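Colleague: Got a minute to walk me through this one? I'd like to poke at a few spots and see what you say.

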Amino acid sequence: MKFKAFFTSDGVNLLDKRFLPALDKLGRLCHMYLTRDHAMFLHNLFAADGVQSVAQFKKEILFRDYRISSQNDDRIAFAIDPALLHRALRSALTIQLQSGDDTAAIQIKLVKKLPAGSRNPAPFLTFETKGMRSAVVQDVPISKPLSRADVLQLQTALDAAQDLPQTLVQVPDLAQLQSLVDRLKNVGDVLTVAITQYGDLHLHVSTSLITVGSEFRELRVLGVHANAPASEQNLSALSRTAMAIQRDEAQSVQVSMKHLAKSLQCHSAKPDCVFYGIAPQGACLTVIFQFFIPGTRLMDKSISFHCRLPVLDSGSS
Amino acid sequence: MSSSAAAADDPPDLICHLDSIHGMVDALTSVRWKRHQDAVLELSEHGIVVIVEESGCLQAKVYLKRELFLVYEYAAEGRPRFGMSLDLFVDGLNIFSALGPATVVEIRYPGPDMELILKTVDFPNGSLYAAIRTRILDTISWDYNFEPTGNVPISFTVKSALLKEAIEDLEWPGSSIQIVLQPDPPCVTFKGDGHGELQIDFPYYASTDLLIAFQCSRQVAYWYKYKFLRATTSNIPAGVLKDNRGSKLTIGRGGMLKIQHLVSVGRPGVPHPYGDNVGQPSRIAYIEFYVKAEEEQEDAPINDS
């Protein structure tokens, strides 16, 4: 089992400024999954009750001289703490900047070595930064690489996490949604999320003492789209949503407020577009983050990032 | 349908529009000295009064005059009073501040199920709404009959931040705090007696910044429970203290202590239909705390008639 590669400067910036801060907030443990073409960071794919996230990069965007080989179809997966990965990357970056040398490159590779004070060799992801005058090596501890069966299970879970909701609505202001959810957290733990094919996103918290709802209307819709009946425009958000659900033109699910707040931390990855949708049969609430090719309004297909929030109760569906 | 149609014919007791959620949250936060606090709301043609009290010894009132609102339509007879969780009122209002400083909230009472309804007014492409359950009051709140002593009430005014700091410093002796006012030399003293002793003096002539006003014709001294005294300043938001306003303390008959704070409820730089725009003097929420003096302290004043 071998893996080594050099970071591209875009790759370093992408991970350092955007993705690792977001991944760190999603949880202290994630799986790094490397294949011949892709590098992925996966959260909670084996757990049913947490926020799942999949960040996938085409290898070219993060790395050059990418060498990978394993007996398992050249696939390698291991668990890593994104915070440690971030720290190693940051200091490698500092060394690179200090050396004032453009040729100073950051290489990562998978190694097995004896940790200080131990007799058993342990696996590490090693960062090597070579400048003209100095070279610095940093070891980030990782788990034992996953077995063939576990990698297969990870791949199956990953395939299962790819099903797209029929209707996606674009949330224009994620910062506003974040500050709204931060305040809704004081009110209740369970949030009902309804999404209509008319482009309405309706969030609703209800306890015995207070009901709070927030509706965003006329959002951009991707996928199955319908026109809102004009006769219902003067009704309350709750009744309009209920009628849309009856007509099968909307879906609603209940999710944990904590999970939603956590998924909103992905804001730190600075996505260009954010879409919310409910997976078929109300299986989960899906949040899809899109990134543009720098300087354009075109979607960058070499990066994909999405979260799936487990559903507490199947709601209307 | 018929019942809601009938309800729609009758205007609700109150519809008001608020454009300074932040100031309102500040004012209400100042009287939120613990979690799970109940409040009583009293509506009238003059405004809304929010009343909070504890164990018959401490009461706070927030006066939200009608001038603080953009729209204030009052249609009730008498003065409707109802109970509600202060936490939910503050948290509920605070949710609206997530939408940005330009948000206008409508407050309406009663809703179809006697709730207090909050909702956005003219918010582009969406809405935010909240309905907070109210309850019928089963007890009549203790009437704090504050009577000033003599023709010139015994009182002093000190910067709110300074008062808060002094009370916080008195935490370590804990237990009870004595407040002494004496006319000659004019001075206010806070004395803590518990695990140890601590005395903080505010001499009137020491600095013009210390006591802004001082009225005292004879010496008075009363003891108050530290935890009640602390509640009167502990939750004033930092932003309010920065306004650098004074708090007025008045001692009434029987040692009843009244503490008045002022909280600005204006949006900075935004003209208001009721106020003149210079400092918006009318956009102030008045907050009053009443603290009962402890009884049977050996050095209670003799000449308190």
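Modeller: Sure. Keep in mind that this is a predicted model. Let's begin with Val190(A), which sits in strand β11 of chain A, residues 190-196.

Colleague: OK, is Val190(A) buried, partly exposed or exposed?

Modeller: Val190(A) is partly exposed, with 34% relative accessible area.

Colleague: And which residues is Val190(A) in contact with?

Modeller: Leaving aside neighbours within four places in sequence, Val190(A) is in contact with His204(A), Val205(A), Gln254(A), Val255(A) and Leu312(A).

Colleague: What separates the C-alpha atoms of Val190(A) and Lys109(A)?

Modeller: Those C-alpha atoms are 43 Å from each other, and the two residues are 81 apart along the chain.

Colleague: Switching to the core. Which residues touch the most other members in the largest one?

Modeller: That core has 160 residues, and Phe3(A), Phe19(A), Leu125(A) and Tyr276(A) touch the most other members. Helix α1 of chain A, residues 9-26, supplies the largest share, with eight residues.

Colleague: Is there a second core, and what's in it? Or rather, which residues does it include?

Modeller: A second, separate core has eleven residues, including Met40(A), Leu42(A), Leu146(A) and Leu158(A).

Colleague: Back to Leu125(A). What does it touch?

Modeller: Not counting residues up to four places away in sequence, the list for Leu125(A) includes Phe3(A), Met32(A), Phe78(A), Ile80(A) and Leu85(A). Lys109(A) and Asp139(A) are also among the residues that Leu125(A) touches.

Colleague: Asp139(A) is charged. Which side chain does it meet in a salt bridge?

Modeller: The side chain of Lys113(A), at 3.0 Å from N to O. This pair links distant parts of the chain, with Asp139(A) in strand β9 (residues 135-141) and Lys113(A) in strand β7 (residues 105-113), 26 residues apart.

Colleague: Are those two buried or exposed?

Modeller: In between: Asp139(A) counts as partly exposed at 32% relative accessibility, and Lys113(A) counts as partly exposed at 30%.

Colleague: How many salt bridges are there over all chains?

Modeller: The search finds 28 over the whole structure. One more in chain A joins the side chains of Asp16(A) and Arg90(A), at 3.5 Å from N to O. Asp16(A) lies in helix α1 and Arg90(A) in helix α3 (residues 82-99), so the pair ties together parts of chain A that are 74 residues apart in sequence.

Colleague: How accessible are Asp16(A) and Arg90(A)?

Modeller: Asp16(A) is buried, at 2% relative accessible area, while Arg90(A) is partly exposed at 45%.

Colleague: What about Arg32(B) and Asp87(B)? Buried or exposed?

Modeller: Both are buried. Arg32(B) forms a salt bridge with Asp87(B), the closest N and O atoms being 3.6 Å apart. Arg32(B) is in the loop between α2 (21-29) and β2 (38-44) of chain B, and Asp87(B) is in helix α3 (residues 86-96) of chain B, 55 residues apart.

Colleague: Which residues are linked in a network of salt bridges?

Modeller: Arg36(A), Asp73(A), Asp74(A) and Arg75(A).

Colleague: Now the interface. How many salt bridges does the rule find across chain A and chain B?

Modeller: Zero. For polar contact, though, the rule finds eleven residue pairs across that interface, both residues at pLDDT 80 or more.

Colleague: What area is buried between the chains?

Modeller: About 1,700 Å², with carbon and sulfur atoms giving 58%. In chain A, Arg183(A), Leu209(A) and Ile210(A) lose the most area to chain B, together 30% of what that side buries. The contact takes 22 residues from chain A and 18 residues from chain B.

Colleague: Last topic: why call helix α7 of chain A largely enclosed?

Modeller: Six of its eight residues (the helix covers 257-264) are buried, so the rest of the structure largely encloses α7(A). The buried ones are Met257(A), His259(A), Leu260(A), Ala261(A), Ser263(A) and Leu264(A).

Colleague: And which residue caps its N-terminal end?

Modeller: Ser256(A) caps α7(A) there, with a side-chain oxygen 3.1 Å from the backbone nitrogen of Lys258(A).

Definitions and conventions: Residues are numbered from 1 along each chain as its sequence is written. Chains are lettered from A and ligands numbered from 1 in the order in which they are written. This is a predicted model: local features need pLDDT of at least 70, side-chain atom pairs count only at pLDDT 80 or more; totals for chains, interfaces and linings use all residues. Side-chain values use heavy atoms; hydrogens and water are left out. A nonpolar core is a set of buried Ala, Val, Leu, Ile, Met, Phe, Trp, Tyr and Cys residues joined through side-chain atoms within 4.5 Å. Buried means under 20% relative accessible area, exposed over 50%, partly exposed in between (1.4 Å probe, protein chains only). Helices (H or I, at least four residues) and strands (E, at least two) are DSSP runs, numbered from the N terminus. Contact means heavy atoms within 4.5 Å. Buried area is the accessible area (1.4 Å probe) that two parts lose on being put together, summed over both. A salt bridge is a side-chain nitrogen of Lys or Arg within 4 Å of a carboxyl oxygen of Asp or Glu. A polar contact is a pair of N or O atoms within 3.5 Å; within protein, one must be able to donate a hydrogen and the other to accept it, and residues adjacent in sequence count only if both atoms are side-chain atoms.
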